[in-house]
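Reader: I am in my first year and would like a close look at one loop residue, followed by how the rest of the chain is arranged around it. Please take it slowly.

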Amino acid sequence: MGTKLLKIISLSFLGISIFLLQPFPVLAATITDVRLWSAPDHTRIVLDLTEPIQYESSSQESPPQFHLELKGVSLQTPKREMEVKDPFLTKISLTELGKDKVKLILHQKKPLNATVFTLKPYQDKPNRLVIDLVDVVQEKKEQEERQKQKEIKPKGTKIVVIDPGHGGEDPGAIGPKKTMEKDIVLKVGEKVVHLLNQNKEIQAFLTRKGDYFIPLEERIKIAREYGTNLFISLHTDGSFNPQARGSSVYCLSLSGATDEAAKILADKENTSNILGGAFLRPAAFAKDPNLNQILLDLMQNNSMKESFRFAETLLEDIKAVNPLKYPSYRQANFIVLKAPDIPSVLVEMAFITNREDERLLNRDDFQEKIAKTLTTSIKKYFRP
Ligand SMILES: [Zn+2]
């Protein structure tokens, strides 16, 4: 008893002495990593920080540069410069300005619109500072190109949008050999789009074409711009149980999940926005006042019925390629499936956290098999 008390006293004494020796603020933040993600219309720069910081930003027209003064930050070396391979940037430089002040300069190839925001620590991610540099001309051009598809498509053509989940800052589930969900789903997504586009009556597109993050709501927006007839979000499952295996298919539920496991999965997939760093430009997601709620509910009901029909077809086909986790589709509140006017399903192809499934998911022939199955089911769905 006596020794235990002594231990507590000495520990608290130690605690107090540490506290007294370090006046507030305790330490300047250090930058532990700088990452860059290139998308067709923007580039995202992410700084990992040991502490939250304050910053001030400014832009310069010629030469085009973005400046960020970071306060409460120290660098290990007085200057750091990184040449980068990116459509919009040539170089990133960090220079110490004095005590606990660092200047970040992004050297641009052309003028860009900048948005800066911070993200609090979440799961294994530390404090992050995110800078999005957007080429607004390219952004508009891409949007117009998507909107043009529904006008120029031949009569009777169906549009399918394949959504490779996660991307950029959000790796998704990670396998025992460090295979990342975001990479596998992109590879399978590309294969599905390629196979679908060999059919005259189908036109297929991807929501993301590389390793960058798109907020969940923006994926829906992209699908709606295309005038999509069917939306499929591709994922690989993850579990703490390394034995867990099997494919599963999910639809939206507006009234609570069909079971606890589906709810947990939807919660996990929905955290993509926090991990990936969603900055939603408010104007793009404002509710359309012209949309009638009753009409919207009718559309949603119809889309959900169609989603169930596709999910049933897919489950029937996919079990020939991979064992099913459940014999029927499950429902939960997945943000990415919420387009009221588009039948939408989410597919967990296999468990990346299972050694054997991870090995299969990495194999080109298995990816091809899954892609072919999806293509077959999509074709059946459009020609029942
Ligand atoms: Zn996922």
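**A loop residue and its surroundings**

Author: Leaving out residues up to four places away in sequence, Thr-157 has contacts with Glu-201, Ile-202 and Gln-203. The model is a predicted one. Thr-157 sits in the loop that runs between helix H2 (136–152) and strand E11 (158–164). Is Thr-157 exposed or buried? Thr-157 counts as partly exposed, because 15 C-beta neighbours lie inside 10 Å, while a buried residue needs 20 or more and an exposed one has 12 or fewer. Asn-199 is 42 residues from Thr-157 in sequence, yet the two C-alpha atoms are 9.7 Å apart.

Next comes the nonpolar interior. Val-161 is in contact with Phe-205, Thr-207, Ile-222, Ala-223, Tyr-226, Thr-228 and Phe-231, again without counting residues up to four places away in sequence. The largest nonpolar core has 56 residues, and those touching the most other members are Val-160, Val-161, Tyr-250 and Val-345. Helix H3 (residues 181–196) supplies the largest share of this core, seven residues. A second core, separate from that one, holds 21 residues, among them Val-46, Leu-47, Leu-70 and Val-102.

Val-102 also has a place in a strand pair: it belongs to E8 and stands opposite Glu-96. Strands E7 (residues 89–98) and E8 (residues 101–108) run antiparallel and are joined by eight bridges. Both are part of an open sheet of five strands, paired antiparallel in the order E3-E4-E8-E7-E6. Strands E3 (54–60) and E6 (79–83) are at the edges with a single partner strand each, so one side of each has no neighbour in the sheet. On average, neighbouring strands of this sheet are turned by 15 degrees against each other, ignoring direction.

Helix H8 (residues 293–318) is a helix whose length can be checked. Its 26 residues, at 1.5 Å a residue, should span 38 Å, and the C-alpha atoms at its ends are 36 Å apart, which agrees. Ser-303, Ser-307, Phe-310, Ala-311, Leu-314 and Ile-318 are buried in H8. Their cover includes strands E13 (230–237), E14 (248–252) and E16 (344–351), along with helix H10 (364–382).

A word on confidence remains. The average pLDDT of the chain is 89, and 90% of the residues score at least 70. Over residues 1–25, pLDDT stays under 50, and the model has one contact beyond four places in sequence for them. Where pLDDT is low, predicted coordinates should not be read in detail.

How values were computed. Residues numbered from 1 in each chain as written. Predicted model: local features only at pLDDT ≥ 70, side-chain atom pairs only at ≥ 80, totals over all residues. Helix = DSSP H or I, 4+ residues; strand = E, 2+ residues; numbered from the N terminus. Expected span 1.5 Å × (residues − 1). Contact = placed C-beta atoms within 7 Å. pLDDT = per-residue confidence, 0-100. Pairing = 2+ DSSP bridges. Axes fitted to C-alpha atoms, helices over the stretch in contact; angles between N-to-C directions. Core = buried A, V, L, I, M, F, W, Y, C linked by C-beta atoms within 7 Å.
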